[in-house]
Structures are given as structure tokens and as C-alpha cells.
Amino acid sequence: MGVLLEVKNISVGTRRNGEFIGILENVSFKLNKGETVGIVGESGCGKSMTALTIMGLLSKNIFVESGTVNYEDKELTKLPTTELNRLRGKEISMIFQEPMTSLNPSFTIGNQLAEVYKHHGNFSAKEIRQKSLEILSKVKISDPEDKLKAYPHQLSGGMRQRVMIAMALACSPKIMIADEPTTALDVTVQAQILDLINELQAGFNTSVLFITHDLGVVAETCHRMIVMYAGQIIEEGTVAEIFDHPSHPYTSGLMLSAPRLGSAIKRLKTIKGVVPDIDNMPTGCRFAPRCPYATDICFEKAPFLEKMSETRGVRCWHKL
Ligand SMILES: Nc1ncnc2c1ncn2[C@@H]1O[C@H](COP(=O)(O)OP(=O)(O)OP(=O)(O)O)[C@@H](O)[C@H]1O
Ligand code: SF4
Ligand SMILES: [Mg+2]
């Protein structure tokens, strides 16, 4: 498996009253060809920020302070917008959490799919129609002919998310970034969409970066996983390694919070406290104020991400 994307020592932040405020701190990971990597963590940990950094879609007040994003022979953080536009959708595409924010309500599905094809190739109207019908069938949309004429609001949430996936896959990208693609959907539809992503990933051999706060979803879809907390990677490894033995107290806490499938009572034991604010980061370990294992060193000195093996890394002074 060759490396397709490498995020290296990325730090991202914003400036407030002339002062730099970090949001992502030294984030590094690789995505191999044909692999699905999950990024998990509570709200505000920097998952979307990581995705937007890769896509070059950070809002104006946010900037990359240091680090690189290497895709094939290109360094994406320094790529001119025109080149980045060419890459987006064709080589790297993204599915957002809420399809209504990325589908235009005033154009039909057919029009929006056609735009994607026009942007990335030189196809005739007939070819575009043919390709649109094919991709809608691939994402298992029934009556694709009718759906081409439909407006986004005429479709159900699950159907809209399928359309988003179709648009993301239209040009057979090498990388698909899915940012919480199923959060807004009910459980049955969620399961169908996950199956679909799994199937398409295998069929197209696409590499997928799967962002979610749901560990069950990670277990079902991913090969490797990255756990983020307060803008840092705090644990990484294969899904089997981490589920078998979470080494970071935060990961362990997340696992205890996840509702157990199959148990009569779905226990929901949340980790006490909240993710620290970006302009009020603890000096030592960022998780220390919430950690049941914290000792003096944890409050004084920030732990580093220790590589335990090729796949495994843990940022903690007292690994479990
Ligand atoms: N435009 C912005 N300006 C300033 N800070 C921002 C901006 N967007 C996000 N942040 C901050 O960056 C941090 C990371 O946000 P991000 O959206 O990446 O979190 P997330 O892990 O995706 O959370 P969620 O699960 O809620 O989507 C948060 O503390 C957030 O408040
Ligand atoms: S370094 Fe200390 S506070 Fe941080 S997670 Fe490990 S034990 Fe907890
Ligand atoms: Mg997010």
C-alpha cells in the first residue's frame, strides 16, 4: 500500500487581537491507497478543521501556520487556488455533514451533477446524461431518470446524502473525505449509507478519510483510526488495536461512553467536563482537567505522541 496523502506537522490557527491562537497542533498522519482512516473525537476537537485544511477550504480568518499536506507530488497548502480547484472533486472530494448546505436548492439534481462533469472534463450533453444516470444507479438511487429532474427539497435526507456521494464520486476521485456523512440521518438510513460507502470504497479502491464522533461507525468502516482531542492527535492505530486495548484515557473514556450494541440497557457514561476552549488551553496535558489518571506531571508538562509501532501512537504520561 503506497502513501497517497501525507499530512505533516500541520498547525492551524487564527489571530485575535494580534495574538496567535492555535486550533490544530502538529497534526501528522498518512492515508494509504485504498484505505479508510477514521478521525474521531468530541465536538470541537478539530476534525472538520483537519479536513478543511486538506481541501484548502479554511475560512478567511484561519490560516496554516506551519506544516505540509502532500498529495502525490504536490504540496497542497502552497498550491494556487486555480490548481486546487482542479484537484477538488476530481482527485480529492468531500462529503459534508448536511447535504442541504452543499446542494443548491434552486437547481435540479441533473443540473448539479452536470456541473461537476463540466468542471472536470470535456463531455457532450449526451455523455453527461449517461454518466449521471450511471452514477445515480451506483449509489442505488431508484428511478434515476426522474431524480435527475428533481430538486433537492423533493428528496428525503438519505436520498440527498446519496446524491452528495454520487457527486463526490462522479469523477472517480482517489480520496474521499466524509465529514460526519450520516449524523443527520436516522439509524436505518445511516446503516444503508455506511454500507454504500464501504461498497464504493472497495469497488473504486478510493481512499477514505472518515470523520465521525461515532465509534460504532469507525468499527464498521475503517482500517485505521485517529483520535483527536483539543486540536491534537492523542491516539492512533489500527481499529483492531485500539478497540482491543485503548491506551489513552480519553479513548478509553470514549469507548465507555459509546452505547453498547446488544446490551439490554444502553449505558451512556459520558466523560465529565468539556473540551477546553482554543484560547484557554491547559499548559500540560490538554486532557488533564478531565482525566481520572492525572498526576502532577500531567498538569506541568505536555506529553508527546509516542510512536509505539509502525501503526500505533499514544500521547500520555501514564498509558493504560
Ligand atoms: N471560523 C472559525 N474561527 C475561529 N475558530 C473556529 C472557526 N471554526 C472552528 N473554530 C474552532 O476550531 C475548533 C475546532 O473546530 P472543528 O470544527 O474542527 O471541530 P470538530 O471536531 O469538527 O467538531 P464537530 O464534531 O462539532 O463538527 C473549535 O474549537 C472551534 O470553535
Ligand atoms: S498525560 Fe496524564 S492527564 Fe493526560 S491523558 Fe495521560 S494520564 Fe491523563
Ligand atoms: Mg466538524
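1. In this predicted model, a backbone N or O atom of Gly46 lies 3.0 Å from an oxygen atom of ligand 1. Two side chains also approach oxygen atoms of the ligand: a polar side-chain atom of Ser43 at 2.4 Å, and an N or O atom in the side chain of Ser48 at 2.9 Å. On its own, ligand 1 has 640 Å² of accessible area, of which the protein covers 68%.

2. The shell around ligand 1 consists of 14 residues, and the closest are Ser43, Gly44, Lys47, Ser48 and Met49. Helix H1 (residues 47-55) supplies the largest share of that shell, namely three residues.

3. Helix H8 spans residues 187-204, 18 residues in total. The distance from its first C-alpha to its last is 25 Å, close to the 26 Å expected at 1.5 Å a residue. After the helix comes Asn205, whose phi is positive, near 55 degrees.

4. The buried residues of H8 are Val189, Gln190, Ile193, Leu194, Leu196, Ile197, Leu200 and Gln201. Because they cover an arc of only 160 degrees around the axis, they lie on the same side of H8. The face turned away from that buried side carries the exposed residues Val187, Thr188, Ala202 and Gly203.

5. What do the buried residues of H8 pack against? Their partners include strand E3 (36-40), strand E7 (175-179) and strand E8 (207-211). Helices H5, H7 and H9 (215-221) also pack against these buried residues.

6. Helix H5 (residues 125-138) has 14 residues, which should span 20 Å at 1.5 Å a residue; its end C-alpha atoms are 20 Å apart, so the model agrees with the expected value. Lys140 follows H5, with a positive phi near 60 degrees.

7. Within H5, the buried residues are Ile128, Ser132, Leu133, Ile135 and Leu136. They occupy an arc of only 170 degrees around the axis, and therefore fall on the same side of H5. The cover over these buried residues includes helix H4 (109-120), helix H6 (144-148) and helix H7 (157-169). H7 thus recurs in this description, as it also packs against the buried residues of H8.

8. Is Thr251, a residue of helix H11 (residues 249-257), buried or exposed? Thr251 has a relative accessible area of 1% and is therefore buried. Apart from its neighbours within four places in sequence, Thr251 is in contact with Val227, Ile234, Glu235, Ile242 and Pro246.

Terms used: Residues numbered from 1 in each chain as written. Chains lettered and ligands numbered in written order. Predicted model: local features only at pLDDT ≥ 70, side-chain atom pairs only at ≥ 80, totals over all residues. Heavy atoms only, no water. Helix = DSSP H or I, 4+ residues; strand = E, 2+ residues; numbered from the N terminus. Expected span 1.5 Å × (residues − 1). Buried < 20%, exposed > 50% of the residue type's maximum accessible area, 1.4 Å probe, protein only. Arc of directions from axis to C-beta. Contact = heavy atoms within 4.5 Å. Near = heavy atom within 4 Å. Polar contact = N/O pair within 3.5 Å; in protein donor to acceptor, adjacent residues only side chain to side chain. Areas by Shrake-Rupley, 256 points an atom, 1.4 Å probe, with all protein chains shown as cover.
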